[in-house]
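Biologist: Could we go through this model together, one question at a time, with the reasoning spelled out for someone new to protein structures?

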Amino acid sequence: MRIATLALGFAVTSCASPPPPAPVAAPAPEEPAARVVWSVPIVMENGVPVITAQIRDGETKFAIATGTSNHTLTKSFATAVRAPVSATRQSTTVNGVAADVETVEGVVSIKAANAEWRLQKVVALETDALDPRGIGGLLSPQALATNTTTVVLDFKSGALTLVEGDAALFATWFAGKFGDAQKLSLQRAAGLIYVDAKLGSAGAQRAKLDTASPRSRFAADALGVKVGADACVDGADLMAACLPGAATSIEALALGSTTFPGWEAVGIVSGDPTVGADILSNCVIAIGVGNDAHLVCR
C-alpha cells in the first residue's frame with residue numbers, strides 16, 4: 001500500500017504545468033532621425049568641384065555651381081543625349097552671369113553613386129568653354145533642396161549628400177556629424193546664395209557664394225588694387241579664359257568668426273564680389289529651402 005501511494009505521488013508531480021514564461025518587453029519605438037538618401041563623391045579639378053554622373057545614356061562631369069540658379073546642360077551634351085530642349089528661351093544666372101538659355105522640358109534624371117535623382121529647372125546653354133574640360137553641365141545644389149531634403153556640400157571630405165528630414169531632425173544629424181562648429185547664416189536671393197564677408201580693415205561687403213569660381217574676387221577699391229584696362233587673371237573663372245582684374249594678397253578675409261589670413265584674391269572693377277572654391281574648399285555648406293542655409297568652415 002505504501003508503494004502504491006509513492007507511485008501515485010510521483011505521477012501527480014510529473015504532470016504539473018510549468019510556470020508561464022515571463023512576459024517579453026515590447027521593443028522601444030525607434031526615435032525619428034534624418035537619413036541620407038543620396039551621396040556622391042566630389043573631386044576638385046582645376047580648382048572646381050565636380051561629380052561624375054549620367055543623364056540618359058551619356059556620362060559626363062558636372063561642376064557644382066552655387067552661382068547658377070538652374071541646373072544647366074551644355075547645348076552639345078544635351079544634343080548628344082537627346083535631352084528634350086525646346087525653343088522656349090529664358091534669362092537666368094549661369095556661373096554668376098546673366099545668360100540667355102533654352103528650356104529643357106520633361107523629366108531629366110541624373111544618375112550617380114548607384115542612385116538616381118530627378119532634376120527640376122533644367123536649361124541648356126550654348127557654350128564652348130566647358131566641353132574641352134569634359135564638363136557637360138552645371139549642377140545647382142540649391143535647386144536640389146526640397147521641403148524635407150537638405151543638400152550638404154562637404155568639400156573637406158569630398159561629398160555631396162542629400163539628407164531627408166525636417167529642420168529639427170537635420171539639425172541633430174548635422175551636429176552629430178560636424179559637432180558644435182560655428183555656423184554662419186547665409187542669405188538667398190534670386191536663386192543664389194550670399195554672405196557678408198569682411199576684408200581686413202576694409203569692412204564687410206555682401207559677397208556671392210560660387211563654388212564654381214576657382215578664385216575669390218572682390219571690388220578692386222576694397223582691396224586697394226588698381227586694375228589696368230587690359231589686365232586679366234588666368235584660371236580665375238570657369239567660363240572665361242581669363243578674368244578681367246588683378247591678383248593681390250589680402251590682409252585677411254572673415255566669414256562670421258572664421259578668419260582666412262593671407263589669402264590671395266582677384267580685384268575686379270565690375271561684377272558681384274564672390275567667395276569662390278579656393279576658400280570654400282575648407283568648408284561645409286548646408287542648403288535647405290527658402291533662407292535655410294548654413295556655412296561651417298574648419
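Modeller: Gladly, and please keep in mind throughout that this is a predicted model. We can begin with a cysteine, C232, which has a relative accessible area of 37%. Buried means under 20% and exposed means over 50%, so a residue such as C232, whose value falls in between, counts as partly exposed.

Biologist: To which class does the relative accessible area of C242 assign that cysteine: buried, partly exposed or exposed?

Modeller: The relative accessible area of C242 is 26%. Because the buried class needs a value under 20% and the exposed class a value over 50%, C242 is assigned to the class in between, which is partly exposed.

Biologist: Which two cysteines form a disulfide?

Modeller: A search of the whole structure finds one disulfide. Two sulfur atoms need to lie within 2.5 Å of each other to count, and a separation of 2.1 Å meets that cut-off, so the disulfide is the one formed by C283 and C297.

Biologist: In which strands do C283 and C297 lie, given that the pair links distant parts of the chain?

Modeller: The two cysteines are 14 residues apart along the chain. The link has an angle of 95° about the S-S bond and is right-handed. C283 counts as buried at 0% relative accessibility, and C297 also counts as buried, at 12%. As for the strands, C283 belongs to β26 (residues 283-287) and C297 to β27 (residues 293-297).

Biologist: How many aromatic pairs does the structure hold?

Modeller: Rings count as a pair if their centres lie within 6.5 Å. With that cut-off, the number of aromatic pairs held by the structure is seven.

Biologist: Are the rings of F62 and F77 stacked, tilted or edge-to-face?

Modeller: The ring centres of F62 and F77 are 6.2 Å apart, and the ring planes meet at 90°. F62 sits in strand β4 (residues 58-64) and F77 in helix α2 (residues 75-80), so that this pair, 15 residues apart, links distant parts of the chain. F62 counts as buried at 1% relative accessibility, and F77 counts as buried at 9%. Since planes over 60 degrees apart make a pair edge-to-face, the arrangement of F62 and F77 is edge-to-face.

Biologist: At what angle do the planes of W173 and F178 lie?

Modeller: The ring centres of W173 and F178 are 6.5 Å apart. W173 counts as buried at 19% relative accessibility, and F178 is buried with a relative accessible area of 12%. The pair is edge-to-face because the angle between its planes is 75°.

Biologist: Which residues do ring pairs link into a cluster?

Modeller: We have already met two of the members, W173 and F178, as a pair of rings. F178 also has K177 lying over its face, at 6.0 Å from the ring centre. The full cluster linked by ring pairs consists of F170, W173, F174 and F178.

Biologist: The charged end of R206 sits over the ring of which residue?

Modeller: For an arginine, the CZ atom has to be within 6 Å of the ring centre. The charged end of R206 is 3.9 Å from the centre of the ring in question, which belongs to Y194.

Biologist: How much space lies in the largest pocket?

Modeller: The lining of this pocket is made up of 23 residues, with G96, V97, R217, D237 and L243 lying nearest its centre. Two elements each give two or more residues to that lining, namely β7 (97-104) and β20 (242-244). By class, the lining has twelve nonpolar, six polar and five charged residues. The space in the largest pocket comes to about 330 Å³.

Biologist: Is K121 buried or exposed?

Modeller: K121 lies in the loop between β9 (115-119) and β10 (122-125), and it has a positive phi of about 55° although it is not a glycine. Its relative accessible area is 60%, and because a value over 50% puts a residue in that class, K121 is exposed.

Note on methods
Residues numbered from 1 in each chain as written. Predicted model: local features only at pLDDT ≥ 70, side-chain atom pairs only at ≥ 80, totals over all residues. Heavy atoms only, no water. 1 Å grid on protein atoms, 1.4 Å probe; cavity = no way out; pocket = protein on both sides within 12 Å on 5 of 7 lines; lining within 4 Å. Points joined across faces, edges and corners; volume = space filled by probe spheres on them. Helix = DSSP H or I, 4+ residues; strand = E, 2+ residues; numbered from the N terminus. Nonpolar A, V, L, I, M, F, W, Y, C, P; charged D, E, K, R; others polar. Phe/Tyr/Trp six-rings, centres within 6.5 Å; stacked < 30°, edge-to-face > 60°. Buried < 20%, exposed > 50% of the residue type's maximum accessible area, 1.4 Å probe, protein only. Lys NZ or Arg CZ within 6 Å of the ring centre and 35° of its normal.
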